[in-house]
Amino acid sequence: RPFTYHELIEELKNYKVHSREEEKKAEMEVKNKLDGLEKERHQLKLRESSLMDDLKKSNKSARNQELETIKAKDENAKLRAELEAMKEKFNRMQQETEEAKKTVE
């Protein structure tokens with residue numbers, strides 16, 4: 001038998017209530033997913049910040065090591081120059097000593 005006008009109105013109201021419940025449920029699912037994504041984004045930002053700090057420390061350490069290497073090379077060069085000067089002085093003194101011996105003889 002066909003629905004009466006009042007039965008149709010009642011069915012429509014039930015449908016609307018059911019649709020609103022489904023809509024609210026869907027909204028809650030979306031909200032929960034967004035909350036989850038927001039938490040994940042926050043965790044990723046914290047991780048990124050931590051990694052950037054580690055990178056800065058690493059770069060600073062590498063720079064310091066590079067500076068130490070440069071200082072060591074400079075010191076090495078100075079010591080070599082000093083050694084070379086001492087060798088020349090020693091050779092001159094030895095030569096002078098040889099000449100003095102010849103003069104005495």
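**Exercise 1. Which residue forms a salt bridge with lysine 31, and how far apart are the closest N and O atoms?**

Step 1: Lysine 31 pairs up with aspartate 35, and their closest N and O atoms are 3.2 Å apart. That fits the rule for a salt bridge (a side-chain nitrogen of Lys or Arg within 4 Å of a carboxyl oxygen of Asp or Glu).

Step 2: Both residues lie in helix 1, four residues apart, about one turn of the helix. Helices here are DSSP runs of H or I with at least four residues, strands are runs of E with at least two, and both are numbered from the N terminus.

Step 3: Now check exposure. Lysine 31 is partly exposed at 44% relative accessibility, and aspartate 35 is partly exposed at 34%. (Buried means under 20% relative accessible area, exposed over 50%, partly exposed in between, with a 1.4 Å probe and protein chains only.)

A word on the model: it's predicted, so local features need pLDDT of at least 70 and side-chain atom pairs pLDDT 80 or more, while totals for chains, interfaces and linings use all residues. Residues are numbered from 1 along each chain as its sequence is written, and side-chain values use heavy atoms, with hydrogens and water left out.

**Exercise 2. How many salt bridges does a search of the whole structure find?**

Step 1: The search finds three. You've already met the pair lysine 31 and aspartate 35.

Step 2: Glutamate 22 forms one with lysine 25, with the closest N and O atoms 3.9 Å apart. These two sit three residues apart in helix 1, so about one helical turn separates them.

Step 3: Glutamate 38 and arginine 41 meet in another, at 2.9 Å from N to O. Glutamate 38 is partly exposed at 43% relative accessibility, and arginine 41 is partly exposed at 44%.

**Exercise 3. Why is the chain more spread out than a compact globule?**

Step 1: Start with the secondary structure: one helix and zero strands.

Step 2: The radius of gyration is 45 Å, well over the 13 Å that the globule rule gives for 105 residues, so the chain is more spread out than a compact globule. (The radius is taken over C-alpha atoms; the rule is 2.2 Å times the number of residues to the power 0.38.)

Step 3: Look at the box too: along the principal axes, the C-alpha atoms fill roughly 150 × 20 × 10 Å.

Step 4: Finally, buried residues make up 0% of the 105 residues. Leucine 34, for one, is found in helix 1 (residues 5-104) and is exposed at 52% relative accessible area.
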